[in-house]
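Here are some worked exercises to try with the viewer open. Have a go at each task before you read its solution.

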Amino acid sequence: MPAVTLREIRERLRAHPYAVDALIAAGALVCILLGAATEPHGPHGQPRFAERDVTVQTALLAALSCGVLALRRRAPMPVLLLTSLVSIVALIAGSPGSASSSDRQASLVVAPVIALYTVSNTTDRRTSWQVGAVTVGALTAVAMIFGARPWYAQENLGVLAWTALAAAVGEAVRNRRAFVDAIRERAERAERTREEEARRRVAEERMRIARELHDVVAHHIALVNVQAGVASHVMDKRPDQAKQALAHVRDASRHALAELQTTVGLLRQSGESIAPTEPAPGLEVLEELVDGFRHAGLSVSVAAPALAPGAAPLSSAVDLTAYRVVQEALTNVQKHAGTGAFAQVRIRRDAEALDISVIDDGAGGGVVEAVEREPDESDAAAPIGGGEAGGGEAGGGGHGLVGMRERAAALHGACETGPLSGGGFRVHVRLPLRTTAPRKETPA
């Protein structure tokens, strides 16, 4: 047969707690009967076993006291009260001058000692101290008054020592169990917190990657779409203009491919990310961005006193966010207002924030789908990873406006978007120059 380990025995005992209580009650009964039959004051001060007779009264009281110990887990207080009363009755009944000597009844205190340990182990500290003090005082006083003589005999002092020790050990075990439970709960809470933090960081990184890919793809693909349409329209009548449009298509697709390769290359790295060889786009290359839209047939005017020579440089986060906002706003104008529309870009700077405004007149060759471009529920609820830049095709929401609001919120800024009363669309973003400023509410 395979050997049974100590851990397996412990697990089996924990699986049958009432069987364990029955074994403890039987062991306590054996200890009481042995104590009653032992002569503590033998020759040379050594105890002598089986030197005294165990009376029927002692055996019955021991059986009653140990029998209720089997219920100590279900009703610890009643068990303690009953075993203490049995011990007190036995000590009083066995007082000097009676048929049986009182020192034989001192062993009955074993049952209330076990019951007192159970109470201290299963109740709160205040109850444990109060019940322990009352039990120790009552049993010790009865033993000293009705027990062996003199009152400071070792049997009486043993009652004091064993009952006090039971209360102290029960309190210590309960404190240790509470300490272990607190450590286990703290570890579980820390594990849950780490998992939640990991999920939150994964979600934030996922949204950031989705915004970057959207900004890269939507801008260049919109320009490619427009230039491809121009080339197809003038291919037969004006081949020179068609070649120019195809050249713009080639340039836009090359830039899109390069940015996609850079982004995907960073995502494929298994270790620490390596800094890209080209700087992140910012307002310094705003003219190049605007020229690309002008080549696509969009009329754009730029008023940017914040970019005048000698102005203090912007932080990289604010600079990149401002560039992406202008890029996305002009892409929306190109897609929804169409070629021939007029857009005005204004970039102003004060002591606290940078204001970016992009306004179009909606008078291009295309149809202005202003309703789909509003910051409605479709933008907020659309899943990440698909859709159009600003308003999308009919029947589907996009992520352009959502991305602008998320970028502004990441820097504790504000983003306002909506159609104008006279036609057209307006995008206004305010970015604090200090990104640690208190977060502002985004107007609906």
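**Exercise 1. A salt bridge in helix 7**

Task: Find which side chain pairs with E171 in a salt bridge, and decide whether the two partners are buried or exposed.

Solution. Keep in mind that this is a predicted model.
- Step 1: the side chains of E171 and R174 meet in a salt bridge, at 2.5 Å from N to O.
- Step 2: place them along the chain. Both residues sit in helix 7 (residues 154-234), 3 residues apart, or about one turn of the helix.
- Step 3: check the cover. The cut-off for buried is under 20% relative accessible area. E171 has 9%, so it is buried. R174 comes in at 13%, so it counts as buried too.

As for the chemistry, side chains of opposite charge can pair when their charged atoms come close.

**Exercise 2. Two further salt bridges**

Task: Work out how far apart the N and O atoms are in the R200 and E197 pair, then do the same for R294 and E287.

Solution.
- Step 1: R200 and E197 join their side chains in a salt bridge at 2.4 Å, N to O. They both lie in helix 7, 3 residues apart, again about one turn of the helix.
- Step 2: look at their exposure. Partly exposed covers the range between the buried cut-off of under 20% and the exposed cut-off of over 50%. R200 has a relative accessible area of 37%, so it is partly exposed. E197, at 28%, is partly exposed as well.
- Step 3: go to R294, which forms a salt bridge with E287; the closest N and O atoms there are 3.9 Å apart. The cut-off for a salt bridge is within 4 Å, so this pair counts.
- Step 4: R294 is partly exposed at 34%, and E287 is partly exposed at 41%.
- Step 5: look for shared partners. E197, R200, R201 and E204 are joined into one network by salt bridges that share partners.
- Step 6: for the full tally, the structure holds 15 salt bridges.

**Exercise 3. Helix 6 and its two faces**

Task: What span should the 22 residues of helix 6 have, and where around the axis do its buried residues lie?

Solution.
- Step 1: helix 6 runs over residues 125-146. At 1.5 Å a residue, the expected span is 32 Å. The end C-alpha atoms are 31 Å apart, which agrees.
- Step 2: list the buried residues of helix 6: S128, V131, G132, T135, V136, L139, T140, V142 and A143.
- Step 3: these residues cover an arc of only 160 degrees around the axis, so they are on the same side of helix 6.
- Step 4: turn to the face away from that buried side. R126, W129, A133 and V134 are the exposed residues there.

**Exercise 4. Who touches whom?**

Task: For S65, N121 and V249, find which residues each one contacts, leaving out neighbours up to four places away in sequence.

Solution.
- Step 1: S65 is in helix 3 (residues 56-67). With 1% relative accessibility, S65 is buried. Its contacts are T83, V86, L108, A111 and P112.
- Step 2: N121 belongs to helix 5 (residues 110-122) and is buried at 12%. N121 contacts G170, V173, R174 and R177. You've met R174 already, as the salt-bridge partner of E171.
- Step 3: V249 is part of helix 8 (residues 239-268) and is buried at 16%. V249 touches V224, Q227 and A228.
- Step 4: try a C-alpha distance. V249 and V226 are 23 residues apart in sequence and 8.7 Å apart in space.

**Exercise 5. A patch and a covered helix**

Task: Which residues make the nonpolar surface patch of about 430 Å², and how many residues of helix 13 are buried?

Solution.
- Step 1: the patch is made by W151, Y152, L157 and L160. L157 lies in helix 7 and is partly exposed, with a relative accessible area of 40%.
- Step 2: helix 13 (residues 400-410) is mostly covered, with 9 of its 11 residues buried. They are G400, L401, V402, G403, M404, R405, R407, A408 and A409.
- Step 3: step just past helix 13 and check the backbone: H412 takes a positive phi of about 65 degrees.

Methods. Residues are numbered from 1 along each chain as its sequence is written. This is a predicted model: local features need pLDDT of at least 70, side-chain atom pairs count only at pLDDT 80 or more; totals for chains, interfaces and linings use all residues. Side-chain values use heavy atoms; hydrogens and water are left out. Buried means under 20% relative accessible area, exposed over 50%, partly exposed in between (1.4 Å probe, protein chains only). Helices (H or I, at least four residues) and strands (E, at least two) are DSSP runs, numbered from the N terminus. Contact means heavy atoms within 4.5 Å. Patches are made of residues with over 30% relative accessible area and no salt bridge: like charges are joined within 9 Å, nonpolar side chains (Val, Leu, Ile, Met, Phe, Trp, Tyr) within 5 Å. Accessible areas come from the Shrake-Rupley method with a 1.4 Å probe; for residues, only the protein chains shown count as cover. The expected span of a helix is 1.5 Å times one less than its number of residues. The arc is that of the directions from the helix axis to the C-beta atoms.
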